[in-house]
Structures are given as structure tokens and as C-alpha cells.
Amino acid sequence: MTTIHRPATPAVTRVGAHSAPARRRRGPWRFWPQYLAISPFYVLFAVFGLFPMLFSLYLAFQRWDGFGDMEYVGLDNFKYLVEDDTFWLSLRNTLIIWVFSTVPMLCLALVIAAMLNSAVRFRGFYRIAYFVPNVTSVVAMALFFGAVFASNFGLANAVLHWLHLPEVRWLSDPWGLKIAIASVGTWQWTGYNAIIYLAGLQAIPGDLYEAAKVDGAGPVQSFFRITLPMLRPVILFTVIVSTVGGMQTFTEPQVMIPGNNTTPNTGGPGQEGLTMVLYFYHQAFDNNDFGYAAAISWAVFMIILLFAVINWRLVQRRED
Amino acid sequence: MSVTKVRIRRRGILLHAALLFGAAVSLFPFYWTLVMATNSTEDIYRFPPKLTLGSEFVTNVRNVFDSIDFFGSMLNTLIVACSVTVLVLFFDSLAAFTFAKFDFPGRRLLFGILLGTFMLPVQLAVIPQFITMAELGWIGDLKALIIPAAANAFGIFWMRQYIKGAIPDDLLDAARIDGARFFRLYWSVALPVLRPGLSFLGIYTFVSTWNDYLWPLIVLTNPDKVTLQVALSQLNGTHQLDYSRIVTGALLAMFPLVIMFTIFARGFIADLAKGAFKG
Amino acid sequence: MDITRRRLLQLGALGLAGTALGGLAACGDDDSAGGGATGGDSKELTLWYWSGGLSKKVLDGVATQFPDVKVTMAEIGGTFKEKLLTTMSGRSGIPDITGVKGEDISTFLAQEEQFLDLNELGFDKVKSQYLEWKWRQATTKDGKVIGFPIDIGPTGLYYRADVYEKAGMPTDPDEVSAAMSTWDAFFDAGVQLKGKVPGASMVVETTAVFDMVIGQGAKRFVDENNKFIGDQEHVRRAWDLAVKTLELGINAKTPGGSQDFNAALVKGTLPSVIGAAWLALDIRSAAESTSGKWRVAGTPGGPGNYGGSFLTIPRASRNPTKSFEIISWILNPDNQAQGFTDAAIFPSAPATYAMPALNKADPFFGDQVTIKVFGPAAEKIPVAYEGPNDAAVKAPFYTQLSNVEAKGKKSDEAWNDAVSEAKKIGERLGVS
């Protein structure tokens, strides 16, 4: 196939430059194919994505118990939120769990990807073995990990016992509980991220490494000077997705922490496992306080947005 | 010379050892789940835990089949998962292609709104979504699961990144010169190149739809028409936690996914690597 | 122009959203939207319940008893209240008959317009057959009854006779009831147990004791006039008793109902569990291998009630008359007795207490006739007012107690924090 080289002008990425001048439309009508292309998505999105979002924003300024009338209360929900110690506790918990889960996960993923890149044999088997955890349902896995970390009969304590280390009451201890919750996410998503990194690694042309070797660069140097920068867009994707997903941790604490009829969905002893979304759920469906719950979720949204932007800035230092 | 060879071989063995260990950690829960599914609940409570397979599998499976309509709900889940995957692949790739390769007024704003919804807790949408479904008359119908899922922000985010890397502008230009207009560019030029990215998105969508729990639980009010995860949740009695039954149910539900994944994985993981990540 | 187009799109989106919201707000006020008319004679009905809430055998019998209608029994998993609430607020797909759990009844009482008055459908004529204090729990201030009682949860002390023997404690149920009739006596026995049987603990968890003591009283956290009473003597006493178990070291700190709890039941490190009659089913399914070693005695400090649900008829029911007939059949004394045999659902109809089905010797409990403990307990349960705001207001007490238990927080400090938080929450909800 012959490639025709056009002068690289910005016009290249703009549509509308039909070679045949048969129809030339004015203004935004030029873009009708684009709008049409995104419209199936956006129509669905408007009804099923945007509408709930706007409804919940509206709801955050009301008091509603799900049945009766909504009562307008202005900023009351938000004022209460700012002074709500439980909310700030849930924020702290969420952040700690997120760090416990995401940092090891992404580092491990990178290491695994690097190893997979070098290994030649059984590559297919490894890829499948590492990715398979992602195929399981979170509910099932949270139940499973709940059993692993059980104090009396869990596998975790059995291993500690075998290593002659003191046993931990995982689901009651503040740090143990967070580690237990974080480990579910780590187990499920490390392989997934590793595969993504692997793809990114394989896209890096080998000549770059050759050239570096010629210049006398060692493996560590080439890792930091070549690999990481080339991987940046991929890393950005995984960091953003992990941030957004990790800060919404809900299923693990809800399922793993033993239920109590009197105080359901409250994050266990001392509420150490209460994440923001779990707190939202508790307010909405246990306390029937939908207005306040909506306010909480918008606070969650702001916080996630903040962290996503911070992470974006950190990773994407130079936007081209 | 031979020293280097030995060194390379030793490094190779170390590498494989490390990878094998990781794979074992990754796969261990599956084995453990199998152990629990083949034992009775009381065996599971033993300490130190029993690590070997038991003989209760058939009993447990029979228990599960007696308690819930396993195959009926699996069929429903299959219908939903397949429909959603097809819709998502089509709508999302079309929209992502547009966002990635074309500039038009409002592009930034529209994309921004999209990313925004990504960040709202999913559970928040439950009540307004339910009300919408009530207005549309879709309560209890599988449509309620399929149609909203087609508007998948993650899918667009992923495809956009992928397209940016995988489709060079030259390719589009060449086609344009040959007279291709927008939809042709999408269908004949872009889609073939996007196959690896699409298979990744396809598998991901299929799996997450299969495992979706909260929304189907709420909206499928007709007990004869539920998905697998909803049916399984009935095994989770309020008071009793018959653990072996729950685990067996979860294992059976996972089975089709794992099989499907193993068949298609080689293909898509290999393809994924081919599709350059340059964006 | 570009700008016009974009502006157009934005306006369009806003307009769409605005209309939707407006429509929704209207829906929120409109009582008769969706739902459907009251009355009706549909031949197809749906009944919602949760696993273990009703006896499957009885439910199967409905088809034979009422051949002219088709009743679909929907066993709902997950959080029952969440699904019921969402469905009711969406006003679509609402069942014709639904269970409502005891702990949720006060919430739904606050929404009594969503339910039909069972008195008008015939409950008036049969209510004398059921424990008054129980159906009073589902009665509004105007006397409208929205819930037909399924079961009650009179408490008892479940104990492992073999472990008690090892600790040198009495093992016969009557002796145990007499020896441990007060909390202090119970705690003393706990200390004795700790000494003689290492690893075993008398008390499951701190909040369990707190809960139980509150349940033995006639007051909760909010009174009938919506006034906060959570800082009063009855609550403080419950608090102190709960904390005492930590000081005495007889507390296992194991969350009830968890897998650890189940495992401990099997192992015998939790030889005493104070719980409602339905707990027998839990113990049975968790610890089948310990059959024959358990007994039941009276609750230290007197019986309380824990749980006990209702069947209700939502206003949207498509055939209220038939629905009531079905409910009253499912919950007639004979079927309630069946429920007890099948699923340890303790009947709310006292007539059943003399029936043979309930007076059978239970091999799991070493051939003890457990109704001898629960029957009298059921009659002695004190009536207490539990308002819709109670659940939210009492939450800080439980949280702070768990702080004392898990994080070693000082009891007085935790108490003060609990009271002030509870007051704050109460204020928000309109409690004075």
C-alpha cells in the first residue's frame, strides 16, 4: 500500500475536508456525522447516566425518606456533612484502604509485566493465570476472603500459626480489617493491570534499548529513562482507573464484615472498615435518609475528582 | 562464554520460579474455593483448615440446584451479557473513535461530563434509575439491564486511549483520499485495526455484566426472571450462612466465565500486545 | 455558527433534565400515581419473603388451599428492606403481600399510607388469637393495623451443658434459670467459667449485652412524644453492664452471626448465647455436630423480645381480600405450629403453645421441651415504644461500645461521645 504524505498541518485531524467539493456545509452542520456517531451513546447516556446524576444533585438539597414528599432544606445536608465525624472517619478509612490496595498492586503489576516480558516459555499460561482472578465476582471473592481472614478458622491465621507468629483478629483489628479489605482488590486487579502494562512494554521498540546499551546504560537506567516514560500513558490509565475504582470500595466491607441486625453496614468494630460509599449506602437504605446520602455521594464525587486530577498531574508531567 | 550461559540459565530459572509463585498465589483461591465446595460447612470451620478436596461436591451441587433455578437464571444472564457486550462494543467504539480522531464543537465538554459520571458511586443511581424504569414499564424485564448498560463510560475511556495509539492519522488520511467518508472510515478502516482492543473490552464487559449484582437484584422484581447472581444471593440466608452451599453456588457461577475466558484469552491477550500503545 | 449549535445542544440537555425532574417532583407528591387502585380481584398474586422467614411447607400448601388463584412466592435475597423500599418508591412491581422484618416495622409505620388497614379486611375478628403486644407494634396511633404478626423472638439462654459441667456449673435448665436469674449472677458464673475452662467466654460481644438489657426494659431511646431519652438511667445501666463484661474478661468479642461465631459454637468456646427462639435454627445449622449438648434456660434479668416479623398488604395489592385470606391462613395457629417445626419460627399465637408440635422433645437440646422456657417468656415480654427515629438515634451507642471493646476507649468518654452524637442525629431528625 502506498502511503501518501501530506504536509503535517493541523487540518489533518479536522474532518470536513472532503476531497470532492460536492457538499460544503456551513458551521457546525459540517460535523453532523460526528454528532450522529456519538448520539446513540449520548441519548442512552442522557437518560440513564445524566438523569440519575442530576436527580441525585437535586436530592442532595432535600430531605426525603423514599416515600413521601421531598422537603427542601437548602444546604443543611452539606452543613451536617462537614461536621459529621463519621464521614471524615470513612474518608480516612477509604484513603488508607486505597493506598494499601493500589500501591502494592500497581508496583507488583509492573514487576510482573517486566518478568513476563522477559520470560519466553509458558507465556500464555502465565498470562491466563494472572488474569483469571479478574473474572470472578466481587461478592463471591469478598465472601471467600472473609473466610480466609476469619479469626478462628481462617487460613491467614493458620499460616501465621505455622510460622509461629501471633495470630491476628483480622476482622476486628483496625489495621487488620483494612488489610483484609484491601487484599481482595489487590488480588483481583493486579493481573489485569499487569496485562495492560505488558502490552505497553511490548510496544516499546527494542532499538531504543539497543541504542541505550550502546551508550553504556545499565538495566536500571534504561528502566527509568526509557521504560517508564514510554509507559506513561498506560500508567496514567491504570492510575486513574484504580483511583476512581478504589475510592468507591463498597462490596468488600459490606460483605466481609459480619452482619448485625442492629447496626448493619457500619464497618465493623470501631467502624474501621467503613468506607465512604458504605456510609452512603447505610444512610440511604438503613436510615432512609436519601437526601443526606445524596449529599455524601456528591462529596465522594468531589473527592474522587480531586484525587484523579492530582494523580493525573503527577503522572502526566508533560502533556504533549 | 559458558559462564554467561549458566548465568542466563540461572536467571531464567529464577524468573520462572518467581512467576510460578505469583501464578500460584493468583490461582490459589480457586483451588481453595474448590476445596470448600467439596466439603461440608463444618469441615470448613476446622482449624487448622482442611486443605484437601472432600467428597461432598455432588451433595452441595444438588443442594444448590434444589434451592435456586440455576440454569434458567444462567440463561437469562447469558442473554443479558451477550446483548450488552454487542451494544457496548458498537456504541462505545463508534463514539470513542469520534472523540479520539475528530475535533468538533463541544467535544471537550461532552467528554468531560462522561468522565464525571464515572466518578459517582453506582449505588447512587439506583433509585432514580428504578423510577425511570417504572416510567418506561421495564421493571422486571431484562431490557432494564441491557439498555442502560450500553452507555458505558469506561468503555469509551478505554477505546479512546487505545484508538489514539493504534490508529495513525495517515491511515485515515489515505482512506479519505480514496473517497471514504465518516462512517466508512469507521467501519472499513478503523474497526479491523481495533480488533484487539475490542476483544479486551468485549471480554471485560461480558465478565462485569455476568457478575453484576446490585442493579439486577433491585430491578428484577419477577422471581421467575432473574440473573444468576441474584439467584445465588438467595443462598445467603439472613440468619444462617450455609457456607458450603454459597461457595458451591459461586463456583458454579464462575465456571462458564473461566472456561470462556480460557478459550478466548490466548487470542485477546496476544492481540492486545500487538495493538500498539502509543497514545 | 459553532456557538449556536453548542448552545442548542446544552439547552436541549438541560431541558430534558428539567422536564424529567419536574415530572419526578410531581410524582413524589402524587399519591395515587402508578400503584393502581385499591381493591381489585386479580387472580395472580405475588408474595415476597426472605430465606427462613416463612416455612416452605406452609407456602407450598397455599396452592392447594387456594386453587382459584396463582400465588408466586418470591424469595428475595440480599438486603430485603433495600429492595422493598426501592420498589415502593418506584411504585412499580410492588408485591401483593410482603413480609416486613421486625426491626423495619417502625420505618414502614411512618409510611402507613402505603399499606392497607388489616382491621378493615378482617383482622379485627382474629386479633384476639395473637399476642397483643406484638400486633400493637404494627399499629398506628389511629389504631390502623398494618402488620399481621408472623413470629416473635422471646429470648432465652442457650448453653452447652457439657461445657457448663466442666466448669462446675449447674446443667439442668431449671437450675440454670434459677442460678443465673440476674445479670450479676450470670457474670459471676462467667468468671467461674473463665477459670475452669480456658479459652471459653460467657459473653459473645459487648453490644449483645447492651441490646439485650435495653430489650428487657419498657423504654428505648426516643419516647412517644419524640423526645430524646437516650441519656437516662435505663440506657446507662445497660451500658455499664455491657462494659462490665470487658472488665471481667468474660467477653469473647466475637461478632454474632459471623463465621467466627459459628466456628466457636462448634468448638465450645462460646458455651452461652443469649438469643431469641429463632436462634435455635442458626445454632443448629452452624453446629450440627454438637447436637444433644445444648439446652435452653431463662434469660438473666428477664426475657426480652428480639425480632419477630409481619406480613403486610401494600396499598398497591391487586386483590386485597384474597391477600388477607391467604395471610390469615398462612398464619393460623396450625400453620404457625408447622413453621416452628420447620424453621424455628416462634409463633405469635399463644394457642399454639399447648399444641403437640411445639411440645416435642428436641433431640438437639438433649430432649428438652424448649417451649417450657419460651412460652412463659413470651407472655412476660414488656411492651416498649419504638419510634421510627430510634434506629438512627441509638446507632452511636453501639458504635462507641464497639470502640470501647475494640480500641480500648474509656467507658465514660465513650458514653459522653455517644450521647452527644445521638443528640445531634436526633436534632436533625426532629427529635427534641
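Biologist: How many residues of chain C are in contact with chain B, and how many residues of chain B take part?

Modeller: In this predicted model, 35 residues of chain C are in contact with 28 residues of chain B. The area buried between chain C and chain B is about 2800 Å², and carbon and sulfur atoms give 59% of that area.

Biologist: Which three residues of chain C supply more of the area buried against chain B than any other three?

Modeller: Those are C:K83, C:T86 and C:Q259, which supply 18% of the area that chain C buries against chain B.

Biologist: Which elements of chain C give two or more residues to the side that touches chain B?

Modeller: The elements are α1 (2-29), β2 (70-75), α3 (80-90), α12 (259-267) and α13 (279-286) of chain C. The largest share of that side comes from α3(C), with six residues.

Biologist: How do the residues on that side of chain C divide into nonpolar, polar and charged?

Modeller: The side of chain C that touches chain B holds 11 nonpolar, 16 polar and eight charged residues.

Biologist: How many salt bridges does the rule find between chain C and chain B? And how many residue pairs are in polar contact?

Modeller: The rule finds zero salt bridges across the interface of chain C and chain B. For polar contact, the count between these chains is two residue pairs, with both residues at pLDDT 80 or more.

Biologist: Let us turn to chain A. How many residues does each chain bring to the contact between chain A and chain B?

Modeller: Chain A brings 97 residues to this contact and chain B brings 100 residues. About 8800 Å² is buried between chain A and chain B, and carbon and sulfur atoms give 79% of it.

Biologist: How many salt bridges and polar contacts are there in that case?

Modeller: Between chain A and chain B the rule again gives zero salt bridges. There are 11 residue pairs in polar contact between the two chains, both residues being at pLDDT 80 or more.

Biologist: Which helix gives the largest share of the side of chain A that touches chain B?

Modeller: Helix α1 (residues 32-59) of chain A gives the largest share, 21 residues. The side of chain A that touches chain B divides into 73 nonpolar, 19 polar and five charged residues.

Biologist: What about chain B itself: how many helices and strands does it have?

Modeller: Chain B has 14 helices and zero strands. Of its 279 residues, 59% are buried. Its accessible surface comes to about 11700 Å², with 63% belonging to carbon and sulfur atoms.

Biologist: And how much of the contact in chain B is between residues 24 or more positions apart?

Modeller: Such residues account for 74% of the contacts in chain B with a separation of 6 or more.

Biologist: Where is B:R160 placed, and is the residue buried or exposed?

Modeller: B:R160 lies in helix α8 (residues 153-166) of chain B. The residue counts as buried because its relative accessible area is 16%, under the 20% cut-off. Leaving aside neighbours within four places in sequence, B:R160 is in contact with B:A96, B:F99, B:A100 and B:F111.

Biologist: One more residue: where is C:K70 found, and what does C:K70 touch?

Modeller: C:K70 is found in strand β2 of chain C, and is partly exposed at 46% relative accessibility. Not counting residues up to four places away in sequence, C:K70 touches C:K43, C:E44 and C:L45. The C-alpha atoms of C:K70 and C:L45 are separated by 6.2 Å, although these residues are 25 residues apart along the chain.

Key: Residues numbered from 1 in each chain as written. Chains lettered and ligands numbered in written order. Predicted model: local features only at pLDDT ≥ 70, side-chain atom pairs only at ≥ 80, totals over all residues. Heavy atoms only, no water. Helix = DSSP H or I, 4+ residues; strand = E, 2+ residues; numbered from the N terminus. Buried < 20%, exposed > 50% of the residue type's maximum accessible area, 1.4 Å probe, protein only. Contact = heavy atoms within 4.5 Å. Areas by Shrake-Rupley, 256 points an atom, 1.4 Å probe, with all protein chains shown as cover. Buried area = accessible area lost by both parts, 1.4 Å probe. Salt bridge = Lys/Arg side-chain N within 4 Å of Asp/Glu carboxyl O. Polar contact = N/O pair within 3.5 Å; in protein donor to acceptor, adjacent residues only side chain to side chain. Nonpolar A, V, L, I, M, F, W, Y, C, P; charged D, E, K, R; others polar.
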